[in-house]
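Here is a short report on one protein model and its ligand. Please keep the structure open while reading.

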Amino acid sequence: MIGFRANILYFKQDPYFLEVQEDGLFYYKEGMLIVDQQSGLVVQSGQYSELIEEYPDIVIDEQFKDQLIMPGFIDCHTHYPQTEMICTFSTDLFTWLNTYTFPTEEQFKDLSYARKISQFYLNELLKNGTTTALVMATIHPESVQALFEEAIKLNMRVITGKTLMDRNAPDFLCDTPESAFSDSLNLIEKYHNKGRCLYSITPRFSPTSTKEQLQAAGKLKLKYSDVYMHTHLSESIEQVEFAQSLYPENQSDIQIFEQSNLVDKKSVFAHCVMCPKSESDQLSKLQCGVAFCPTSNLCYGAGIFPYHEYVQKNVNFGIGSDVGGTTDFSLLKTLQDAYKVVMISQKDTKNRKPMTSLEGFYRATLGGSKALHLEDKLGKFEPGYEADFVVLDWFTNDIQKLRYETIEKRSGKALKHMENSKANSQSDKSLLAQRLFGIMMMGDQNSIKATYISGKQCYLRKN
Ligand code: GUN
Ligand code: ZN
């Protein structure tokens, strides 16, 4: 057992609806996170002064005493084969797919190439504090094998699956309903629940699958009810119109998947920026996972995620980077775009509600684990939870430092007249959201000091 002494933060619920948002979280400024490195699980977290009495003989790691530890970030939608083509210039999604994406994905028929990129990709996740990801691979079983095998080496929780495409893609990237079924079945048997790996049946999006293929995928989902289904949904006007032309009998994109028994709470849909009301109602009713991918949506001019509407109607969503349709692996940078998207989506400035830092970090941690229905395992520092966590610096450059010190100074002055201990706890609480806002809005890969998977350090920034 080991105790990490630090500023400890985790969420217990969505702060959005709380009058005092801080009531939705636990924050221990002088805290400790106790981890059992044998099992990779959390033993307990809390106030250092209390835990040290309960565990007087515990080995303590003090190297992060003044830094912030929170549960690792959860990326609810990303593509590892697109790592090398991140941030490619394009007018729109379909041009981007045909020009860059499909030729890049062809390379993943080669297992050794897939291994090389898998290693690089997982290392980038760790550098960015991302400890869990729902990942699209390519149509090649080798691409899935490579990613799972590298994840197993790290004991990392990764969800992926072979992409299914049998039309509207180049021949070299097409499978068939039969091979989609049998290749996916073999991979499920081999990797689902192996170590921390989980499988997702992955039709890329409705335009690249025939009805026959979706039905084959639906049969598989019936056979293995606890595997995921992962796809893109209502990402852009062009995509919605294309899907409609291919499936004229369906009212909405989600109905296409429903017709094939592919929709339940373990279905995760990326984007969902163009959903008609009936579709978002269905997402909410079934508690499907949704990935809010603001950077990607902005890069492709795809659309604006209706953040407030979805929170208020209880759509179950987390944050997705959508690597490589984005500019960065960092979920901090993704949150920066989320914040701006939420601002621009509200025209009525008098009643505007920005996305607070507490809402942002909730979505990147516990909100993500809920979207993936892993909230009994990930996203909290409670006994028995998996010990995936990230160590963050409060500031990493001069301007961030100046901002941080100014906030401390101002709050010190404001609270000078109050009794000391009361002042401390009040100032801790009211400062937390402001301090976190600095990390959320100005942070990036440099904010990540270290990343732990199953209680073991897998990344430490050098300087
Ligand atoms: N729709 C179908 N394929 C893709 C993809 O690779 N990226 C994004 N953003 N949307 C898609
Ligand atoms: Zn995507």
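## Burial and the model

A residue counts as buried if 20 or more other C-beta atoms lie within 10 Å of its own, as exposed if 12 or fewer do, and as partly exposed in between. Gln 287 has 16 other C-beta atoms within 10 Å, so Gln 287 is partly exposed. The model discussed here is predicted.

## Two domains

The domain assignment splits the protein in two. Domain 1 takes 2-71 + 383-401 + 446-460, and domain 2 takes 73-371. Their C-alpha centres lie 29 Å apart. The contact takes 21 residues from domain 1 and 21 residues from domain 2.

On the domain 1 side, four strands each supply at least two residues: S1 (2-11), S5 (68-71), S16 (448-453) and S17 (456-460). S16 gives the most, with 3 residues. By class, this side of domain 1 has 12 nonpolar, 6 polar and 3 charged residues.

## The ligand shell

Which residues surround ligand 1? The shell is made of His 79, Leu 93, Leu 97, Thr 101, Arg 204, Phe 205, His 232, Glu 235, Ser 296, Asp 322 and Gly 325. Helix H2 (residues 93-106) provides the largest share, 3 residues. By class, the shell holds 3 nonpolar, 5 polar and 3 charged residues.

## A hairpin

Strand S2 (residues 25-36) pairs with strand S3 (residues 41-47). The sense is antiparallel, over 6 bridges. Ile 34 stands opposite Gln 44 in S3. S2 and S3 form a hairpin, with 4 residues between them. Gly 40 sits in the turn and has a positive phi of about 75 degrees.

## Helix H6

Does the length of H6 agree or disagree with the span expected at 1.5 Å a residue? The 13 residues of helix H6 (residues 211-223) should span 18 Å at that rate, and the end C-alpha atoms are 19 Å apart, which agrees.

The buried residues in H6 are Gln 213, Leu 214, Ala 216, Ala 217, Gly 218, Leu 220 and Lys 221. An α-helix has 3.6 residues a turn, so residues three or four places apart point the same way. The cover over the buried residues of H6 includes S9, H5, strand S10 (198-203), strand S11 (228-233) and helix H8 (253-258).

## Unusual backbone

Most residues other than glycine have a negative phi, and most peptide bonds are trans. Gln 287 has a positive phi of about 55 degrees although it is not a glycine. Gln 287 lies in the loop between helix H9 (277-286) and strand S13 (289-292).

Ser 454 also has a positive phi, near 45 degrees, and is a residue other than glycine. Ser 454 lies in the loop between S16 and S17. Is Ser 454 buried or exposed? Ser 454 is buried, because 22 other C-beta atoms lie within 10 Å.

The peptide bond from Val 323 to Gly 324 is cis, with omega near 0 degrees. Gly 324 lies in the loop between strand S14 (316-319) and helix H12 (331-344).

## Three more loop positions

Ser 234 is in the loop between S11 and helix H7 (237-246). Ser 234 has 26 C-beta neighbours inside 10 Å and therefore counts as buried. Not counting residues up to four places away in sequence, Ser 234 touches Val 240, Asp 253, His 271, Cys 272, Val 273, Met 274, Cys 275 and Glu 279. The C-alpha atoms of Ser 234 and Val 390 are separated by 32 Å, and the two residues are 156 residues apart along the chain.

Thr 176 is in the loop between strand S9 (163-164) and helix H5 (177-191). Thr 176 has 15 C-beta neighbours inside 10 Å, so Thr 176 counts as partly exposed. The C-alpha atoms of Thr 176 and Lys 340 are separated by 41 Å, with their places 164 residues apart along the chain. Asn 314 is in the loop between helix H11 (307-312) and S14. Asn 314 is exposed, because 12 other C-beta atoms lie within 10 Å. Asn 314 and Leu 283 are 31 residues apart along the chain, and their C-alpha atoms are separated by 9.0 Å.

Technical notes
Residues numbered from 1 in each chain as written. Chains lettered and ligands numbered in written order. Predicted model: local features only at pLDDT ≥ 70, side-chain atom pairs only at ≥ 80, totals over all residues. Near = placed C-beta within 6 Å. Nonpolar A, V, L, I, M, F, W, Y, C, P; charged D, E, K, R; others polar. Domains from an automatic or database assignment. Contact = placed C-beta atoms within 7 Å. Pairing = 2+ DSSP bridges. Expected span 1.5 Å × (residues − 1).
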